[in-house]
Amino acid sequence: MLRAMRASAKHWVMGILFGLLILSFAVWGIGDIFTGGGAGTSVGEVGGEEIPAYEFRQLYQRELATVTQRLGGRVDPAFIAQLGLGPQVANRIGERMMFDIAARDMKLAIPDQVVADYVRAQPTFSPLGRFSQTQYEQILRAQGMNPAYYEARVRADLRRSQLLESILAPEVAPKVLTDALVKFSSEQRTADMVEILSKDAPVAEPTEKELEEFLKKYEKRFMTPELRSFTAIVIDPKDLVKTIEVPEEQLKAEYEAQKASLATPEKRSLAQLFFKTEAEAKAAYGELKGGKEWDE
């Protein structure tokens with residue numbers, strides 16, 4: 001399937017997909033976003049899924065801020081409209097959703113560890129060569145995002161990249177596969193066959209001499225390999241212990257030599273009660289002498 005997608009992508013399939021995408025925006029009426037018709041929760045839909053209005057507003061505001069910064073200050077709204085910034089943003093979101101839907105239908109998934117590795121590898125979040133959680137959250141906050149939203153976007157971007165690479169990447173078969181295919185396609189077999197009919201070559205009964213010569217020639221086929229038998233004595237330490245007696249004097253001498261390693265140091269347990277004043281301490285001491293339990 002991927003091979004067909006790759007071949008198609010290089011010619012007309014991608015053109016048709018993007019054509020349908022542009023046509024879908026023409027059907028929505030992108031102008032509604034700016035004339036007040038898009039006041040609902042979505043600004044259009046792709047593949048039956050709505051484009052959230054809040055997502056459009058966020059991306060539009062970021063793009064507008066970038067354009068304004070590049071032009072050195074305040075920008076005339078008429079100039080922004082002339083640039084077509086709104087339709088560009090809507091097209092970008094729609095394009096992204098188109099690939100998201102395709103990736104989801106193909107059940108492509110990006111593990112959490114891959115997302116985390118990607119985020120930690122961004123130099124922006126590593127001011128001193130190491131990832132900084134504080135820097136990470138501050139930068140996202142300045143851009144109106146939180147970590148959960150940003151990481152969801154990273155996951156979606158990685159999934160789209162995985163889909164596009166599988167479609168557009170050149171086909172390179174593994175060497176072990178190409179070697180096997182070449183070997184199989186160039187392989188040849190040579191066979192010689194002689195057909196002998198029993199009526200043309202009757203088999204006579206062998207003589208005693210012929211049988212002896214055949215047996216001598218192939219005697220190994222009729223021989224049983226020579227075997228050896230042996231007897232073993234297995235000595236288990238557990239069995240030997242029962243037969244060994246250690247003199248009392250030797251035991252005492254060994255004990256004295258290792259006494260330091262065999263003894264357990266004596267320990268004491270200490271419990272304390274803390275009081276703010278001496279009067280409280282004396283009162284508690286009196287209760288203990290009177291028979292009151294320590295835990296009480």
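How many bridges join strand 1 to strand 2, and do the strands run parallel or antiparallel? The views below, drawn from a predicted model, begin with this pair.

**Figure 1. Strand 1 and strand 2 pair in an antiparallel arrangement.** Four bridges join strand 1, residues 42–46, to strand 2, residues 49–52. Within this pairing, S42 stands opposite P52 of strand 2, and E45 has E50 as its bridge partner. The two strands form a hairpin, with two residues between them. G47 lies in the turn and has a positive phi of about 55°.

**Figure 2. Helix 6 packs against helix 9.** The view shows residues 85–105 of helix 6 and residues 147–168 of helix 9. Their axes are 9 Å apart and meet at an angle of about 75°. Angles of 65 to 115 degrees count as roughly perpendicular, so helix 6 is roughly perpendicular to helix 9. On the helix 6 side, the contact is made by R96, F99, D100, A102 and A103. Helix 9 contributes R153, A156, D157, R159, R160, L163 and L164. Of the residues in this contact, six are nonpolar and six are charged, with no polar ones.

**Figure 3. The largest nonpolar core contains 21 residues.** The residues with the most contacts inside this core are V46, I51, F56, Y60, I80, V89 and I93. Strand 1, helix 4 (residues 53–70), helix 6 and helix 9 each supply at least two core residues. Helix 6 gives the largest share, with nine residues.

**Figure 4. I80 is shown with its contacts from beyond the adjoining sequence.** Once neighbours within four places in sequence are left aside, I80 is in contact with Y60, L64, V67, V75 and L85. Both I80 and Y60 are among the residues with the most contacts inside the largest nonpolar core.

**Figure 5. A second nonpolar core is separate from the largest one.** This core has ten residues, among them F125, L140, Y150 and V154.

**Figure 6. The whole chain is shown as context for the close-ups.** The protein has 14 helices and two strands. Of its 296 residues, 18% are buried. Considering contacts between residues at least 6 apart in sequence, 61% join residues at least 24 apart.

Notes. Residues numbered from 1 in each chain as written. Predicted model: local features only at pLDDT ≥ 70, side-chain atom pairs only at ≥ 80, totals over all residues. Heavy atoms only, no water. Axes fitted to C-alpha atoms, helices over the stretch in contact; angles between N-to-C directions. Parallel < 35°, antiparallel > 145°, perpendicular 65-115°, else oblique. Contact = heavy atoms within 4.5 Å. Nonpolar A, V, L, I, M, F, W, Y, C, P; charged D, E, K, R; others polar. Pairing = 2+ DSSP bridges. Core = buried A, V, L, I, M, F, W, Y, C linked by side-chain atoms within 4.5 Å. Buried < 20%, exposed > 50% of the residue type's maximum accessible area, 1.4 Å probe, protein only.
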